[in-house]
Amino acid sequence: MPFSSLQAIVLAAGTGTRYPELTSGIPKCLMPVGPFPMIWYPLNTLQKCGFPVATVVVLESQRLEIQQALEKTPLTLKVEFATIPADSDYGTAESLVHIQHRIDRDIVVISCDSITNFNLEPLVAMFDQNDAAMATLFYDAEDLTPGVVPGPKSSKQDNEREMVGIHLATNRLVFTAYFSDFEEKFDVPGKLLRKFGRFAMFTRHPDSHIYVMKRWIIDFLANSRNFGTIKNELLPFLVKKQLSKPKAPAETEGATSEYNVNVRVDDVFHYACDADVMRRIKEKTNKYTPGSGDIIKVVAQIVPKEFLGLRVNTMTNYCIANRKILAEWESIMGSNAPPLISTTSHNKCTQMNLCAVADNTTIEEKTSLKSTSIAANCIIGTKTRISDSILMKGVTIEEGVVLENCIICESAIVRQGSELKNCIVGRFYVVQDQTKAEKLLLAHSEACIEI
């Protein structure tokens with residue numbers, strides 16, 4: 001297996017700033033997606049790849065809650081925790097630097113909000129075969145239809161579109177940017193075209209936040225201190241460095257070697273240029289392929305359409321993830337998929353279609369449930385109708401309630417006879433009897449806006 005020499009790291013210290021209506025007061029990684037918390041899915045991916053252990057990076061204040069939640073899921077790999085200060089605002093790259101003493105070899109890094117059933121073996125093989133500094137995965141977003149997103153209409157962009165350039169013959173990632181970086185046109189560096197010739201440009205392939213990277217990158221990050229995030233800072237930097245070579249200091253400018261390893265300590269090539277790299281360069285065949293002799297290489301793979309690939313980093317994608325997980329559970333998770341309905345739930349519903357019900361939830365009789373994810377310890381009263389909705393932990397739905405395309409946050413209560421459509425109910429909020437609402441955010445700290 002290509003994973004035996006790698007260390008698995010899951011980044012789970014994010015606070016979910018893009019959807020604070022949902023993450024207020026709870027760890028983002030514990031938001032329910034189908035029958036399990038969000039973080040279960042990347043850990044399950046690592047488990048299926050054969051990793052026996054994974055290091056999960058969390059805020060110090062959230063460690064116990066996350067640990068207890070994971071202990072209730074069907075995971076067999078060992079989970080070790082590394083913490084960062086609760087008052088810190090570390091980006092993904094800074095989090096790796098903070099735990100560098102726990103990293104002793106090349107790593108696979110995956111964000112807690114990255115959900116895929118794609119086996120990572122081809123990505124790791126590509127990393128090994130190309131002796132790459134970094135390998136990254138891109139999802140195919142062509143077929144993701146958001147539908148109606150609950151809550152008031154937002155004027156902000158949910159997902160900023162990315163531009164990705166890949167040299168298909170060598171799988172090299174040669175260009176990465178956002179549409180907002182440009183106005184009406186964009187320029188491709190002539191040096192890039194001269195080196196790689198033709199390459200494919202993609203505009204519907206978001207970054208997965210799954211990376212395989214060399215251990216020396218952690219040392220470089222620790223000493224440079226100029227990088228907050230992997231996606232927006234480190235990755236574009238390494239992509240551009242593929243077009244560079246280490247510069248010789250003034251006293252060695254007459255050296256005959258094509259790659260001079262006597263470079264500045266603050267230069268990325270100081271970390272990338274080791275004896276093994278130089279040996280491998282000398283062993284190259286005379287057959288030329290674009291960039292074959294590069295010291296720094298970044299390779300990329302696009303997840304095929306037949307696999308699920310989605311980052312749950314926006315409200316829209318959170319709704320899409322729950323919908324797809326429920327509709328395609330067995331095809332996504334495989335023949336040994338855990339059951340969608342927990343054996344510890346108390347379910348008297350006879351009209352249930354495409355639903356997930358977590359531990360210790362009670363559903364009374366004369367209810368109708370369709371395409372709905374229900375987290376642990378919820379109570380669903382009689383004569384309720386719920387469709388296309390998400391109920392987080394500890395929610396109470398009283399008798400005669402109708403919910404359509406709603407998100408009900410942790411420990412909220414919807415009183416009897418209420419009818420909500422396309423609404424979000426905030427944590428601990430109580431919706432009073434007979435309330436009728438559409439496209440509202442019902443929460444203690446937010447104004448309810450209707451459109």
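**Cysteines, cores and a parallel sheet**

A search of the whole structure, which is a predicted model, finds zero disulfides.

Colleague: How far from Cys112 is the nearest cysteine sulfur?

Modeller: Cys112 is in no disulfide, and a disulfide would need two cysteine sulfur atoms within 2.5 Å. The nearest cysteine sulfur to that of Cys112 belongs to Cys29, and the distance is 5.2 Å.

Colleague: Is Cys319 buried or exposed?

Modeller: The cut-off for the buried class is a relative accessible area under 20%. Cys112, at 3%, is buried, and because Cys319 has a relative accessibility of 9%, Cys319 likewise counts as buried.

Colleague: Which helix gives the most to the largest nonpolar core?

Modeller: The largest nonpolar core has 71 residues, and those touching the most other members include Leu22, Tyr41, Tyr318 and Ile407. With seven residues, the element that gives the most to this core is helix 11 (residues 315-327).

Colleague: How many residues are in the second, separate core?

Modeller: Tyr211, Trp216, Ala222 and Leu235 are included in this second core, which is separate. The size of that core is 45 residues.

Colleague: Which strands stand at the edges of the six-stranded open sheet?

Modeller: The sheet runs in the order 17-20-23-26-29-32, with parallel pairing. Each edge strand has a single partner strand, so one side of each is left without a neighbour in the sheet; these are strand 17 (356-357) and strand 32 (441-442).

Colleague: Which residue in strand 20 is the bridge partner of Ala356?

Modeller: Strand 17 pairs with strand 20 (residues 373-374) in the parallel sense over two bridges. For Ala356, the bridge partner in strand 20 is Ser373.

Definitions and conventions. Residues numbered from 1 in each chain as written. Predicted model: local features only at pLDDT ≥ 70, side-chain atom pairs only at ≥ 80, totals over all residues. Heavy atoms only, no water. Buried < 20%, exposed > 50% of the residue type's maximum accessible area, 1.4 Å probe, protein only. Core = buried A, V, L, I, M, F, W, Y, C linked by side-chain atoms within 4.5 Å. Helix = DSSP H or I, 4+ residues; strand = E, 2+ residues; numbered from the N terminus. Pairing = 2+ DSSP bridges.
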